[in-house]
Amino acid sequence: MNLKEFYADINGDYEGVTSRLRSEKMVRKFVLKFLNDASYDNLVKSLEEQNYEEAFRAAHTIKGICQNLGFTVLGDSSSQLTDALRNGWSEGAEALVERVTEDYRLTADAVRALEAEG
């Protein structure tokens, strides 16, 4: 799988990210670092602890990373979750957590596949 195929698989913004970061080599470098970011784990832990202020921060960080990397689908769901957690737990947040979880899993799996291809 090449980088363009990776972005097609996740419905990401390949053109946008390559124009911002200027080279596929640079994009690939940062895409592969995505798996090292602890924001998703922090989100899960904070939600388990009902620490919604920290969960908001984690969701906001995921949103920012996704905007920078052109991960459109996960970026959209994490943006909606950020809004839902802005003032604590709100109605509809549970469904958004499930959506972010699924979008994160799909994105992380695609990154792992890209990494495995070398």
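Which residue does the side chain of Lys-45 meet in a salt bridge? In this predicted model, the partner is Glu-49. The N to O distance is 3.8 Å. That value lies inside the 4 Å limit, so the pair counts as a salt bridge. Lys-45 itself is partly exposed, with a relative accessibility of 48%. Side chains of opposite charge can pair when their charged atoms come close.

The count of salt bridges comes to 8. Another of them joins Arg-57 to Glu-54. Here the closest N and O atoms are 3.1 Å apart. Both residues belong to helix 5, which spans residues 52–69. They sit 3 residues apart in that helix, so about one helical turn separates them. Arg-57 is partly exposed, at 39% relative accessibility. Glu-54 is also partly exposed, at 28%.

Helix 7, residues 93–117, holds a further pair, Asp-109 and Arg-112. Their side chains meet in a salt bridge with an N to O distance of 2.9 Å. Asp-109 and Arg-112 are 3 residues apart, so again about one helical turn lies between them. Asp-109 has a relative accessibility of 35% and counts as partly exposed. Arg-112 is partly exposed too, with a relative accessible area of 43%. This pair does not stand alone: salt bridges with shared partners join Glu-102, Arg-105, Asp-109 and Arg-112 into one network.

The nonpolar interior comes next. In soluble globular proteins, nonpolar side chains tend to be buried together. The largest nonpolar core of this model has 34 residues. Those with the most contacts inside this core are Phe-6, Tyr-7, Val-31, Phe-34, Leu-43, Phe-71 and Leu-81. Two or more core residues come from each of helix 1, helix 2, helix 3, helix 4, helix 5, helix 6 (72–85) and helix 7. Helix 7 gives the largest share, 9 residues.

Phe-71 shows how distant parts of the sequence meet. Neighbours within four places in sequence are left aside here. Phe-71 then contacts Phe-6, Tyr-7, Ile-10, Val-31, Phe-34, Cys-66 and Thr-107. Several names recur: Phe-6, Tyr-7, Val-31 and Phe-34 are also among the core residues with the most contacts.

Where is empty space left inside the model? Rolling a probe the size of a water molecule over the atoms shows where empty space is left. The count comes to 1 cavity of 30 Å³ or more. About 40 Å³ of space lies in the largest cavity. Its lining is made of Phe-34, Asp-37, Ser-39, Tyr-40, Ile-62, Ile-65 and Tyr-104. Of these lining residues, 5 are nonpolar, 1 is polar and 1 is charged. Helix 4 (39–48) and helix 5 each supply at least two residues of the lining.

Ile-65, one of the lining residues, lies in helix 5. Apart from neighbours within four places in sequence, Ile-65 is in contact with Phe-34, Asp-37 and Ser-39. Those three residues also line the largest cavity. Ile-65 and Arg-20 are 45 residues apart in sequence. In space, their C-alpha atoms are 13 Å apart.

Helix 2 (14–21) has a buried set of residues. Which residues of helix 2 are buried? They are Tyr-14, Gly-16, Val-17 and Thr-18. These buried residues pack against helix 1, helix 3 and helix 5.

The backbone around helix 2 also deserves a look. Asn-11 is found in the loop between helix 1 (3–9) and helix 2. Asn-11 is not a glycine, yet its phi is positive, at about 55°. Asn-11 is exposed, with a relative accessible area of 53%. Just after helix 2, Arg-22 takes a positive phi of about 75°. Arg-22, too, is a residue other than glycine. Its place is in the loop between helix 2 and helix 3 (24–33). Is Arg-22 buried or exposed? Its relative accessibility is 73%, so Arg-22 counts as exposed.

Technical notes: Residues numbered from 1 in each chain as written. Predicted model: local features only at pLDDT ≥ 70, side-chain atom pairs only at ≥ 80, totals over all residues. Heavy atoms only, no water. Helix = DSSP H or I, 4+ residues; strand = E, 2+ residues; numbered from the N terminus. Buried < 20%, exposed > 50% of the residue type's maximum accessible area, 1.4 Å probe, protein only. 1 Å grid on protein atoms, 1.4 Å probe; cavity = no way out; pocket = protein on both sides within 12 Å on 5 of 7 lines; lining within 4 Å. Points joined across faces, edges and corners; volume = space filled by probe spheres on them. Nonpolar A, V, L, I, M, F, W, Y, C, P; charged D, E, K, R; others polar. Core = buried A, V, L, I, M, F, W, Y, C linked by side-chain atoms within 4.5 Å. Contact = heavy atoms within 4.5 Å.
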